Amino acid sequence: MIKPSNIEIDREKGNFHYPTSKYAFDAGIGLSEDVVKYISDVKKEDDWILDFRLKAHSIFDKKPMPTHWATKDLENIDFDVIRYYLAQGQKPSRTWEEVPDDIKNTFERLGIPEQERKFLAGVEAQFDSEAAYSHMKEDLEKQGVIFVGPTEGLRDHPEIFKKWFGKVIPSSDNKFSALNSAVFSGGSFIYVPPGVKLAQPLQAYFRINAENFGQFERTLIIADEGAEITYMEGCTAPKFETSTLHSAVVELVALKGAKIQYITVQNWSNNVYNLVTKRAMADEEAEVRWIDCNIGSRLTMKYPGVVLKGRKARGEVLSIALANDGQHQDTGAKMVHAANETSSNVIAKSVSIGEGRSSYRGLVQIPGHLRHCRNNTECDALLINSESQTDTYPAITIKGDDNSVQHEASVSKVSEEQIFYMQQRGLNEAEAMSLYVNGFVNDLIREFPMEYSVELKRLIDLEMEGSVG
Amino acid sequence: MVSTPSHSKHMDSQFLTPDFFESFSAKRSWEPGWLADFRKDSWDKFLSLPIKKNKDERWRFSPRARLGFSNFDQLAESPKPSILNGQKIEGILFDTLDQTILNAPSSLLDLPNMQGPNLGADDTFLLGCCFSELGVFLKTEKGIIEKKPLKHCHFAPKNNQSLFQTNIISLEPFSELTIIEIFESEVMDTGGTLSNLSHIKLAEGAKLNRILIQKVNQLSTFNHLESIQLGRNSEFTNISLQLGGAQSRSESKGVIAGEGASFNNFSLSLGNGEQLFDQRTVQHHISPHGKSNLLYKNALLDESKSIFSGLIKVDPIAQNTDAYQTNRNLLLSANAEADSLPGLEILANEVKCSHGATTSKIDNQELFYLLSRGIHRNVAEKLIVLGFFDEIIREAGTQETIELLRDEISHHFN
């Protein structure tokens, strides 16, 4: 059970706040059919989308909370005090000049370098529930890549997106996917045409800005045959006094021979419930890779999955979780094998600091009629203090005499000898500890693009501050 | 009588009705009052069990319908377990439970305080507390060291009957003992359900080796719930061989309650036909410097299925714990299924804990090697399974017990 944090942390750090009164659209607090209709109306959506939302809303009402296995902290979410939709009523901007100043300020506070800001073409920076800045580089357009928000995606390119929308993750998958399906706004819809290999990663920054305002972005990425794409999302959130809910749905579709790499760095503030459903479908010889790093939030429940649907498909989840005081990182991976010769790999590393708790929850399924399927799962946990906690709950179902899986998990603490060694060479204890933790997760951090791994190392240093002594 | 939904669906079984319980306790009115109270209390708790929830993590992957009591209509009063030796050893009290109730009821006074493993089969546990007449009671005196294994056999009932037993094994400080427990069937052509509760308690410095062989016939159901308390510097090594039963549910909880205690829990299961092995385990460390090592190996032929769910729990106080948990499954047929739920909950930081689970098929090269030497496939598989099990069999101590285990496994293949 997570206690509300009463620890002294610098809450001003990353405190981006704007008066909410200027929002042009505000659906009020609480969730009802009217709110769903209102959101759909504001977005001028087709009837089928409204039907989809309403159906999802009724599923949400019926579904129980998953508390028979999950943390009881979920019961502290009060769905009636959350704002489900809020936007400035602006169209996604086309050029840098059109981006409102306050959003530019946020970028400033985030410390995005001047050079990079100009280079933010291809970046979908989400401001609350609408994409505030959306500009595609010309060569992306030339290649036929579509990179839009869900509203535009479903309105302008239904022939592409409608087919897969809500198919990888049906609304009824769980309570929070139903919630998202009912009130989603913002997010990225991406289509990469056959054979197009994107050299540069596409990026999106999400942030939450109004109090008690849950963010429900919806992402759908389709990589057509032989296409390749890397997508990155990074999160920062402003400070709030009461708990905030973030519940996204991310669907990836990798068609024959396509490759998708989805990178997340999650650093919500310590009062955010981050309950995200992420799943990919991998067709023949396709490859999907989730690289997932969870540092922030009060409670994260996120188990990226891959349904390996085509022969020789490959799925991978690399996950790093850091749980500090008052945090519970409940992360993991799901690998559903549904074709011959599919393989999957899960490597999860977690660090529990102070009173933090990290959990790994995994699922691997290989039915009996399949041949030559393989899974490898490794989870390593590091405990820093005596109050830290770590749990591992994998679930493995294997049938058939021609498949193999292996699962390994280990729990260890920081080696005193190594800390002593580093201290001997002039590092203080905190620096030594930080170096140790960085070393523990290093082989995964290397998988991140360069700027992210630098950022991550800084974040780990920051988290380790004051964790010893 | 109040009828609650939890037992109304069992109404076919005459022993699950309030009337039956009334007549059962009337028949046993000669028992001491505290024991009657304990039976009544357990019965009331059984009646007030909540209605089965569809989603109970403790039953994940388990086909619950196969493990209920509704198929068994009568309570069995026999067969009694047999104690093959050891009844007359100096310093060891070893008798059947019914005799102990009759002759030395005061030695059972602690029974109402004995907890079950509490890993899901609440109904089995409460009914066991309520209806156990048979079982064994074993208690050593302080410092008794007995080299010769003590053996006792238990029998599954016939004709859809249900038998509940309680075994109490308690070792006083610094005593050492080896026991062999056999579970088999009374008859081969019909089967009932045998539900066995075991309470094992080791005081300071005690050592217990236990070999358990379960070979009830394949028409029977076997429930085995055991909880083990390990005192300071005590050692318990358990080797159980599970061969029989149409379906079986075994729950095993070891509590490392004293500093420096050591708990080895090994299990081998060999499944064929449509056998089901549902295994739930916990290693709970509540004291520092404890060691536990669990290894469950399942070899599955035909359409057999195994579920392994294990948990290592380390309390904040249990620093310097070494705890390991391993589940290895060998699938020998395309329709065999192995589910594995190895879990860890670690709340102390000065620990070495790991778990591993692997599921794989027979190595084709090994098989080819054997086949190319003219060995029949069935025999080749047997040899490979024996090899797969060998690391546990070798732990069985004397050559005699090792041979006993090997023979039982080989026999199962023929």
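## How the parts of this model touch

In chain B, 18 residues of domain 1 are in contact with 14 residues of domain 2. That is one of two meeting places covered here, and the structure you're looking at is a predicted model. The other one joins two chains: 38 residues of chain B are in contact with 31 residues of chain A.

**Inside chain B: domain 1 meets domain 2**

- First, the bounds: the domain assignment puts residues 5-361 of chain B in domain 1 and residues 362-414 in domain 2.
- If you go from the C-alpha centre of domain 1 of chain B to that of domain 2 of chain B, you cover 27 Å.
- Four strands of chain B each give at least two residues to the side of domain 1 that touches domain 2: S9 (207-214), S11 (235-242), S13 (262-271) and S15 (291-300).
- Sort that side of domain 1 of chain B by class and you get 12 nonpolar residues, three polar and three charged.

**Between the chains: B meets A**

- On the side of chain B that touches chain A, the elements giving two or more residues are strand S18 (337-346) and strand S19 (351-361) of chain B.
- S19(B) has the largest share of that side, with 11 residues.
- By class, the side of chain B that touches chain A holds 17 nonpolar, 11 polar and 10 charged residues.
- S19(B) also pairs up across the chains: seven bridges join it to strand S23 (residues 404-413) of chain A, and the two strands run antiparallel.
- Want one spot to look for on screen? Find A:Glu408, whose bridge partner in S19(B) is B:Gly356.

**A closer look at chain A**

- Count the elements of chain A and you'll find 11 helices and 23 strands.
- Of the 469 residues in chain A, 55% are buried.
- Take the contacts in chain A between residues at least 6 apart in sequence: 83% of these join residues at least 24 apart.

**The nonpolar core**

- The largest nonpolar core contains 214 residues.
- The residues with the most contacts inside that core are A:Val183, A:Ala223, A:Ile229, A:Ala254, A:Ile260 and A:Ala282.
- Which residues is A:Ile229 in contact with, leaving aside its neighbours within four places in sequence? They are A:Ile190, A:Val192, A:Leu198, A:Leu202, A:Ile221, A:Ala223 and A:Ile260.
- Two names on that contact list, A:Ala223 and A:Ile260, also appear among the residues with the most contacts inside the core.

Notes. Residues are numbered from 1 along each chain as its sequence is written. Chains are lettered from A and ligands numbered from 1 in the order in which they are written. This is a predicted model: local features need pLDDT of at least 70, side-chain atom pairs count only at pLDDT 80 or more; totals for chains, interfaces and linings use all residues. Domain bounds come from an automatic or database domain assignment. Two residues are in contact if their C-beta atoms, placed from the backbone, lie within 7 Å. Ala, Val, Leu, Ile, Met, Phe, Trp, Tyr, Cys and Pro count as nonpolar, Asp, Glu, Lys and Arg as charged, and the others, Gly among them, as polar. Two strands pair if DSSP finds at least two bridges between them. A residue is buried if 20 or more other C-beta atoms lie within 10 Å of its own, exposed if 12 or fewer, and partly exposed in between; C-beta atoms are placed from the backbone. A nonpolar core is a set of buried Ala, Val, Leu, Ile, Met, Phe, Trp, Tyr and Cys residues joined through C-beta atoms within 7 Å.
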